[in-house]
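This briefing concerns the structure shown below. It takes up annotated spans, the contact between chains, a pocket, salt bridges and backbone geometry in turn.

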Amino acid sequence: MRGNSLSAREARLAFWMLAPTFLIVFAIVIFPVLANLWIAFKPVTLGDLRPPTPVVRERIRASPEAPGDVLRVRYQMRNSSQRIPIENVVLEDVLPEGLEPLRLDERCRVEGRTLRCFLGTWSPGHRENLELEFTATEVYFAQGAPRPTESRPAIQGRAPNILTNLEFTLENFRRVLSGPEFWPAFWTTIVYTLFGTVGSILLGLFAAQLLNTRFMGKGMLRGLFLFPYVAPIIAVAFTWAFLLDPLSGTVNALGVRFGLLEAPINFLGQRSIELSVLGVTFTLPLALSMVILFEAWRYFPFAFLFILARLQAIPQDMYEAADVDGASPFQKFWYITLPQLVGILSTLFLLRFIWTFNKFDDIFLLTGGAAGTKTLTIRVYDEAFARADIGAGAAVAVVLFLILAGFMVVYFRYAPEGE
Amino acid sequence: MMQRGVSIFGWVAGGVVGALSGGMVVALWALSATILSGHPTVIPLGAALWSGAIVGLVVGAFRRGRTTPAAVALGVGGLMGFAWWALNSGRPIGLERPDLFWGFFGSLASFALVGHLTRYALRDLDLSQPRRDTVEHLLLRLLRAVGFVFFGTTVTFPFYFMLASSLKSRAEMLLDPTNLSIQFSKGLPELLEGYVEVLYTFNFWRYILNSTFVASVTVVVTLVLGVLGAYAVTRLRFPGKELMSRSILLIYMFPAIVLVVPLYAVFTQLGLRDTLPGLLIVYPATTLPVALYMLRSYFQTLPAELEEAGLIDGCSRIEVIWRITLPLSVPALASVGLYVFMIAWNEFLFAFMFLDTPELFTLSRGMVALNTQEVPRQFLMAGAVIVTVPVMVLFFWFERYLIGGLTAGGVKG
């Protein structure tokens, strides 16, 4: 009995300890993913995020000078949305004392000092001016002739929230998938992800080999090698952009000075470049290569750290045995080190592949997606925010997510056992 | 073991190693002279290769036993350096005017280094005949040298560039983009103009405070929730525990850009967009999985007996965590806390999408606002240095903790 209640208590405690984490992760990760799916099937633009509201401005067209004069008020009103109607619009205003209605709109009524107008349904972009006339009495002047604009008119209406209604469409997907931009973005993403991942892992492997011996200053170098990874992306991306600038960039200037370049190259702004190596001419996607280089440079420390930790855990007696057998250094690397690293390398490949595939900041800050570097993540941003079509952006995000999930399935089915 | 003269292979090895070192060192020397002090230079690659080869041949020829005496290697190199200096009338590597430091000392030091590198590459190798093992060792040593130069320059150069261009006016930068020397002679006020402008005119003071606030609150929230969650996952039994601990890292699969669209929509409607609390909800969510994972790995290494003793003495679970577990976990807490701080400090996407009001900008968001045609690069680079320095200081200060934490947690990036 007691054991039972103890374990129930424990489970309850665990629940409460995990609840806040669950809640916040659900709210910020799981919910948005589901919401994204929802939005992808809806025709939502950036403007729709502010629900449509009726807007009113009050103007006085004629002020009374003496009792018996006419006071004319104009209410300028409009529907803030160009796409969505507003139902049951009601205008409410408090009038100063001592005003007799002279000419009212048929939809308006005055009860006591309150003016109420029932304006019905407004079509999208509806504009309307309501001009009302009142006769000023002596009471009005006894008050010191207050201006009616001193009380702000209130206007209300009911508009459907486009995010919560049950209207769905496949239009977003049709547009996003059939447009001329989808496949280029897809292939750019694949090339960027694959080469960025492999590049950073190869560099990391090389760096880890360098530091896998004891020497003075090793700790400092290890710290130094991590710099690109821990520095804020915003700082290093801008630095690279300036370094590679065609006008006053240091890399171009150095290249020209030392005779490596004939003329400055717009590294981040030029789609492709003709290269001829040993008489063979081929076209290199320049900006994309630069972005990949950046990716390899920035994330090699991540691979480096993991590979170094793994290298140091390889038992030394394996190498001693190989020495006895007269193995050469490359043989030892190929037959001992690499097999020992397969686990960590495949794990790193998986992680870096996912993260590079999902990467947005780096390309956005370096090229903004120009010159053949438009990946799917950049497309999400372009659709949702640059073109203000949230629905289409969400649709690209769903596609992106599905492709990634597809990769994961394939990977887990065919990859070697990880660590 | 007596060595019977020098084999042909020995000559070739010495010459090739010397030539390659010569080319590499001279190129570095010329590049450094240009970048660090603005001398217009050239890289006389052919001459460097030949001179390096000669140094290498001599160093190889003077091997006694299995190594060359250090004095000989440095001496031969130094002599070659002196010859370079003298034959170029005091202006090697195309220097426009004689320069004691880059010309004279540069020559001597560069070729002494060539001699030393060659000696180092050839030491302990049996050069009597070309054996596969020897060739591979030589290749590996060359690769190592290339590797150190490659990583050393590619890692440090962008950061040096950032610092140097934050201290240079637009005119100086346009005049000669290869000159990245720091002109201390200008006087501090002019040198630091970019920083003063950015901090006061462009309100980076404010952004520093905002970033610090956001990052610190994120750390506190993440640590509190992370400790509770990780403790529950490690020590308590409850249904769904396995699933829970496995799915923690799955969160990593979700791209931030996928989260941004709906969060933007919902936060706009809730009025949370363009507020710091909005960011403070998002950041802990993105850092919690890492924190949970790292803390869980750490808690698993702590002996459960201590806690059980505490429980038997009548402490509640929460008291046990507070009095026993937490004091034992200070290193883990430090490393998680620092990581979370760095992630929150560096975060760009959400800050960029959510913040519109300049008073609320974090440093990342402020930097984007600074990136316009009208603002000189000097200011932008000064901003970059301001964003980077705190992270670097933290990083070097607590490197040990951080590296332990990073390998344990596999922090997202």
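In this predicted model, the transmembrane regions of chain A are taken from an unreviewed UniProt entry, which places them at residues 12-41, 185-211, 223-243, 333-351 and 393-414. The entry also assigns the domain "ABC transmembrane type-1" to residues 186-411 of chain A. Chain A and chain B bury about 8,900 Å² between them, and a pocket of about 1,600 Å³, the second largest, is lined by elements of chain A together with elements of chain B.

**Annotated spans of chain A**

- Residues 12-41 of chain A, listed by UniProt as a transmembrane region, are 97% helix and 0% strand, and the end C-alpha atoms of this span lie 39 Å apart.
- Another of the listed transmembrane regions, residues 223-243 of chain A, is 86% helix and 0% strand, with 23 Å between its end C-alpha atoms.
- The span that UniProt names "ABC transmembrane type-1", residues 186-411 of chain A, is 70% helix and 4% strand, and its end C-alpha atoms are 19 Å apart.

**Interface of chain A and chain B**

- On the side of chain A, 100 residues are in contact with 102 residues of chain B.
- Carbon and sulfur atoms account for 80% of the area of about 8,900 Å² that the two chains bury.
- Within chain A, the residues that lose the most area to chain B are A:Met17, A:Ile28 and A:Phe242, which together make up 8% of what that side buries.
- Three salt bridges are found across this interface.
- A:Asp245 and B:Arg377 form a salt bridge, in which the closest N and O atoms are 3.0 Å apart.

**Second largest pocket**

- The lining of the second largest pocket consists of 38 residues, and those nearest the pocket centre are A:Val251, B:Leu31, B:Thr153, B:Thr154 and B:Phe157.
- Chain A gives two or more lining residues from each of α4 (182-210), α7 (233-243), α8 (250-257) and α9 (286-311), as chain B does from α1 (8-37) and α5 (132-166).
- With ten residues, α5(B) provides the largest share of the lining of the second largest pocket.
- By class, this lining contains 31 nonpolar residues, seven polar residues and no charged residues.

**Salt bridges over all chains**

- The structure holds 25 salt bridges over all chains.
- One of the pairs is A:Glu133 with A:Arg103, whose side chains meet at 3.6 Å, N to O.
- A:Glu133 belongs to strand β7 (residues 127-136) and A:Arg103 to strand β4 (residues 99-103) of chain A, so this salt bridge ties together parts that are 30 residues apart in sequence.

**Positive phi in chain B**

- B:Asp124, a residue other than glycine, has a positive phi near 60 degrees, and B:Asp124 is placed in the loop between α4 (100-122) and α5 of chain B.
- B:Asn203, likewise not a glycine, has a positive phi of about 65 degrees, and B:Asn203 is found in the loop between α8 (193-201) and α9 (204-235) of chain B.

Definitions and conventions: Residues are numbered from 1 along each chain as its sequence is written. Chains are lettered from A and ligands numbered from 1 in the order in which they are written. Side-chain values use heavy atoms; hydrogens and water are left out. On a 1 Å grid over the protein atoms alone, a cavity is a set of points where a 1.4 Å probe fits but cannot get out, and a pocket is an open set with protein on both sides within 12 Å along at least five of seven lines; lining residues have an atom within 4 Å of a point. Grid points are joined across faces, edges and corners, and a volume is the space filled by probe spheres set on the points. Ala, Val, Leu, Ile, Met, Phe, Trp, Tyr, Cys and Pro count as nonpolar, Asp, Glu, Lys and Arg as charged, and the others, Gly among them, as polar. UniProt positions are given in the numbering used here, feature names are shortened, and annotations may be inferred rather than shown by experiment. Contact means heavy atoms within 4.5 Å. Buried area is the accessible area (1.4 Å probe) that two parts lose on being put together, summed over both. A salt bridge is a side-chain nitrogen of Lys or Arg within 4 Å of a carboxyl oxygen of Asp or Glu.
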